Every structure is written in C-alpha cells, then in structure tokens.
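Let us read a protein model together. Keep the sequence and the 3D view side by side.

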Amino acid sequence: MAADDAIALDGFLDEETVPGDLHGSTARFRLTVSPTDERADEMILPCTVADSVLAHAVIHDLVPGDKLRVTGYLRLPRTPDEPMWLVVTELAVLETAPELSAPAAVATAVIERYGPYVCYFDADVPEVEVFTETGVRVGTAPTPDEIGDLLHVFEQRQAASGE
C-alpha cells in the first residue's frame, strides 16, 4: 500500500490492550472514535499492531481512557463474516487517562435504583435511606438486607390509603 493510503484517527482506548499472539509480538485493542460530539457518530474500531516494538509499547504502556492518534491502513472485510479493522503503523499518546485514586477513598456513598425506588447507601453507616423516584421518603432500613421489608410495608400503607 502506498503511504497516501494511510489514515490518521484520534480516539480513546476503549479497554485493556491484549497480545495478538503468544509471544506478545503483536497487539490488539479497540479505539473509540468520535469525529463530532454526537454519540450517534461514535464508532468502536478494532485495531491491530504487527510491529513488535510498537506492540510491546501498546501492551505495556497504554491504559483504558488514553487519548491516542493512530495512523494505519483500514482493512475492509472481503466476506460478510470477516471483520473490519485498522492495521496500525504509528501511534502517539495525545493525553493520558487521569489516574483514579482508590474507589473507597472517592466513593463514600452510592445511590442505587430499585424499580420506582431509590436507595442511598452511606459507607459510614449500616442504615439505608429509601425514597420513591419522585422524592417521597419511604423510610430507613436498618441494614441493606431489610430494604425489601421496608418497601413491602410502604406499599401496604399506600394500598390502604388509596394513593
């Protein structure tokens, strides 16, 4: 292929990279490419690296979320059961993914949805606050295991009052 046929794309590393063979002399990864800010324009493009030096860097140096510029050749499928992919010849890291601290240090509380109910779990206390999706307070369950009992009592009260 001629050098004119190469394309360059910017995108984010979708997930962990994987070796393409047992020896790690090739690598594979998926790149999320979005030429606009519209989610409908977004595409996930499988990529392969055949150069062993570049493959080593891809496998050991990249992390999900890195913003990359890849240059290579698009391989279109020849049959309906064949995938499309980009054969990467050059790769540059435009931005590294932000380092996340330990999840326990960041998230001390979690909000989870259970159908029409929302539960607020605080890591510092065993009680769970429960609300309806419209914001009406249902009550406090002493432990997460007792949320079902709290919801059952609440629904019985609602049925009895006709609401």
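Short questions and answers on strands, cores, surface and charge pairs follow.

This is a predicted model, in which local features need pLDDT of at least 70, side-chain atom pairs count only at pLDDT 80 or more, and totals for chains, interfaces and linings use all residues. Residues are numbered from 1 along each chain as its sequence is written, and side-chain values use heavy atoms, with hydrogens and water left out.

Q: In which sense do strands β1 and β5 pair, parallel or antiparallel?
A: Strands are DSSP runs of E, at least two residues long, and helices are runs of H or I, at least four long; both are numbered from the N terminus. Two strands pair if DSSP finds at least two bridges between them. Strand β1 covers residues 7–13 and β5 covers 67–75, with 6 bridges between them. Their sense is antiparallel.

Q: Which residue in β3 stands opposite L13?
A: Strand β3 spans residues 27–33 and runs antiparallel to β1, with 2 bridges joining them. Opposite L13 stands L31.

Q: In which sense do β4 and β6 pair, parallel or antiparallel?
A: On another side of the story, β3 and β4 run antiparallel, joined by 7 bridges. For β4 and β6, C47 stands opposite L86 in β6. These two strands have 3 bridges, and their sense is parallel.

Q: Which element supplies the largest share of the largest nonpolar core?
A: A nonpolar core is a set of buried Ala, Val, Leu, Ile, Met, Phe, Trp, Tyr and Cys residues joined through side-chain atoms within 4.5 Å. Buried means under 20% relative accessible area, exposed over 50%, and partly exposed in between (1.4 Å probe, protein chains only). The core has 16 residues, and F29, L31, C47, V49, L68, V70 and V88 touch the most other members. The largest share, 4 residues, comes from β3.

Q: Which residue of β4 joins I7, L74, L76 and M84 in a nonpolar surface patch?
A: A patch takes residues with over 30% relative accessible area and no salt bridge, joining like charges within 9 Å and nonpolar side chains (Val, Leu, Ile, Met, Phe, Trp, Tyr) within 5 Å. Accessible areas come from the Shrake-Rupley method with a 1.4 Å probe, and for residues only the protein chains shown count as cover. Together the patch has about 390 Å² of accessible area. Its member in β4 (residues 43–49) is M43.

Q: Is D81 buried or exposed?
A: D81 sits in the loop between β5 and β6. Its relative accessibility is 70%, so D81 counts as exposed.

Q: How many residues apart in sequence are the parts tied together by R30 and E15?
A: A salt bridge is a side-chain nitrogen of Lys or Arg within 4 Å of a carboxyl oxygen of Asp or Glu. In the pair R30 and E15, the closest N and O atoms are 3.3 Å apart. R30 lies in strand β3 and E15 in the loop between β1 and β2, so the pair ties together parts whose separation in sequence is 15 residues.

Q: Is E133 exposed or partly exposed?
A: E133 meets R113 in a salt bridge, at 2.3 Å from N to O. R113, at 53% relative accessibility, counts as exposed. E133 has 47%, so this residue counts as partly exposed.

Q: Which residue meets E129 in a salt bridge?
A: E129 has 24% relative accessibility, so it counts as partly exposed. Its N to O distance in the salt bridge is 2.9 Å. The partner is R137.
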